[in-house]
Amino acid sequence: MIGEPPMRFFDPHVHCTSRTTDDYEAMVKHGVVGLIEPAFWLGQPRTEAGSFQDYFASLVGFERFRAQQFGMQHYTAIGLNSKEANNEALAEQVMELLPLFVCKERVVAVGEIGFDDQTDAEEKYFRAQIELAKEVDLPIMIHTPHRDKKRGTIRTMDVLEDHGFSPARVVIDHNNEETVKDVLDRGYWAAFTIYPGTKMGNERMVEIVRLYGSERIFIDSAADWGKSDPLAVPKTAHVMLERGILRGDVEKVTYENAIAAYSQSGQLSEADWDSASPVDQRTLYEGSSVLRGGQEPRVDDNIIE
Amino acid sequence: MSEETETPRAKQVALLRTVLQNRIAPDALAWIDAARAKVAVADEPRTLYMAFSAAGRRTGKEPLKPTPDERAAAGAGRADWDLSSWTVDQAARVLLLLELRAESGDALTARLDPLFQSADLGELQALCKSLPLLPFPEAHRARCADIVRTNITSVFEAVAHENPYPTEQLDEGAWNQMVLKALFIGVKLYPIQGIDERANPELARILCDYAHERWAAGRKISPELWRCVGPFADDGMLADLERAVSDDDGPGALGALLALKTCPHDGAAPLREAAPLPAGLLADGDWKHLGDLQ
């Protein structure tokens, strides 16, 4: 690939709060210029609305600051996840909180929302959040259920269409071979989470792109507190290139499509990283809890003027 | 001119609105005016919270870069009010906050607390810059003391730099922590209003202890650290200044030399004579020049 500029990647689904600064450094080193951190559950259910408020505030506050220190552009999606929608007393309070957060800077979607167990309570708060997304004119990021996935994915699209929400403004995430055709046929963006070892692996993704092409398809790592790989997007890109997928298609699936989908929020554009100042932790952020005492600050030279 | 237009609040609102009018599109200004009207009469919090967030999407984030006339008008609208580091979204958001009507400090902070608690980085900066303009100034002391505990440099600077609120309202303990925290997170001291007036013996002791920690760790010391030490130096602190002059190569030594000029201790004069300030490099009280050397 001599003569071609290095590839850039965008990971539209990472739960950075659960990751270390090593991950930020590794992602930046391997060409990931930006990421989206959707609100989700934390591995165990919260019991107080205040826990949600502080979590949402950290997504638009300290976590964004932490990412920027490593040269990573950080965006977020705000929503009540489907698992915790089942605690209705708490869910009501969280729904009251959401308007405080959905209009904030770099909130690119209401999400991740949808179904988990596919209960009535999940549907109730899914519908309420579709209406919220319409009210504030934001795209939606859909979490499809891990169990009974195909039916849950179809039901998700039925509910969205029931509210007249445009499929072009919805990303359906965690697809697999069983769901992708319906999702694409109905006009939605189809995202695939690359899970190491299980579910979607890099190799399976190559076959999906061979079969369905690169239109409205993109991949993410969904790296979180479980076994996951924050480098899933660049690694899969390299596997795709090795297997003969054209570079233009790889770029769509690992960069352009996700940006096109979420830039509909008006809160994300390539200019954010193209015009970003080179990382200079000395002048911008020295002394935060991220840069520990004695650590050498990182200073990037801006070699392209 | 009616009586209403002569109140400080009316002057501040008029200035911010004029400043915005000259910088943002007419439809964005119309949106802000409509949002202000709604906030003024809203009896529920949601109107303010949504408008406060959305304002940034309407205005963009360009720096105001105030003209000399605008800077003068700010000073006339509120003593020591400094617009130099403000951005358009901050001006719009503060205009919204100035529509809040409250009968007591507690009632006002009850409206503001959820904004602080849910703010993103840009909103927090606007809230920090609103502090000197809000009514019931003493009601926001605890909030200000809390903000200066942040590690987020941009937010810290929004409250600490070019802002008259901390020097007017923080008690000595909170003030001293703010100055120490500034050094700790690499934030400059010279843009802090009242940095000389609020210096005190306890702060001088804290800063010298901090200098010893840095020396022990083999780390550089900000030349600005010595600024708040000079006027209160006791025997031990004078020895620290002497050590900084002889040990530190570069700005640290210059900071200690500059501090010696304000040091009333009998032992300061011989030190000043032994190591005079380099001619032409530092004028009297030129801490800004020194701060920028770092």
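Here are three short exercises on this predicted model, each with a worked solution.

**Exercise 1: confidence in chain A**

Work out how far the pLDDT of chain A can be trusted, and where it drops below 50.

*Solution.* Start with the overall picture: chain A has a mean pLDDT of 90, with 88% of its residues at 70 or more. Next, look for the weak spots. Residues 280-289 of chain A have pLDDT below 50, though the model still gives this stretch 25 contacts beyond near neighbours in sequence. Residues 301-305 of chain A are also below 50, and here there are two such contacts.

**Exercise 2: strand β3 of chain A**

Find which strands pair with β3(A), and in what sense, then decide how β3(A) sits in the structure.

*Solution.* Take β2(A), residues 32-38, to begin with: β2(A) pairs with β3(A) in the parallel sense over five bridges. One bridge to check by eye is A:Gly34 with A:Gln73 of β3(A). Now go to β4(A), residues 107-114, which runs parallel to β3(A) and is joined to it by three bridges. There, A:Ala77 stands opposite A:Ala109 of β4(A). Finally, burial: five of the six residues in β3(A), residues 73-78, are buried, so the strand is largely enclosed by the rest of the structure.

**Exercise 3: a helix pair in chain B**

Classify the packing of α2(B), residues 26-41, against α5(B), residues 88-97.

*Solution.* Geometry comes before labels: the helices pack at about 25 degrees, with axes 9 Å apart. Angles under 35 degrees count as roughly parallel, so α2(B) is roughly parallel to α5(B). The crossing of α2(B) and α5(B) is right-handed. Then list the residues that meet: B:Ile32, B:Ala35, B:Arg36 and B:Val39 from α2(B), against B:Ala92, B:Leu95 and B:Leu96 from α5(B).

Key: Residues numbered from 1 in each chain as written. Chains lettered and ligands numbered in written order. Predicted model: local features only at pLDDT ≥ 70, side-chain atom pairs only at ≥ 80, totals over all residues. Buried ≥ 20, exposed ≤ 12 C-beta atoms within 10 Å, placed from the backbone. Helix = DSSP H or I, 4+ residues; strand = E, 2+ residues; numbered from the N terminus. Pairing = 2+ DSSP bridges. pLDDT = per-residue confidence, 0-100. Contact = placed C-beta atoms within 7 Å. Axes fitted to C-alpha atoms, helices over the stretch in contact; angles between N-to-C directions. Parallel < 35°, antiparallel > 145°, perpendicular 65-115°, else oblique. Left-handed = near helix turned anticlockwise from the far one by under 90°.
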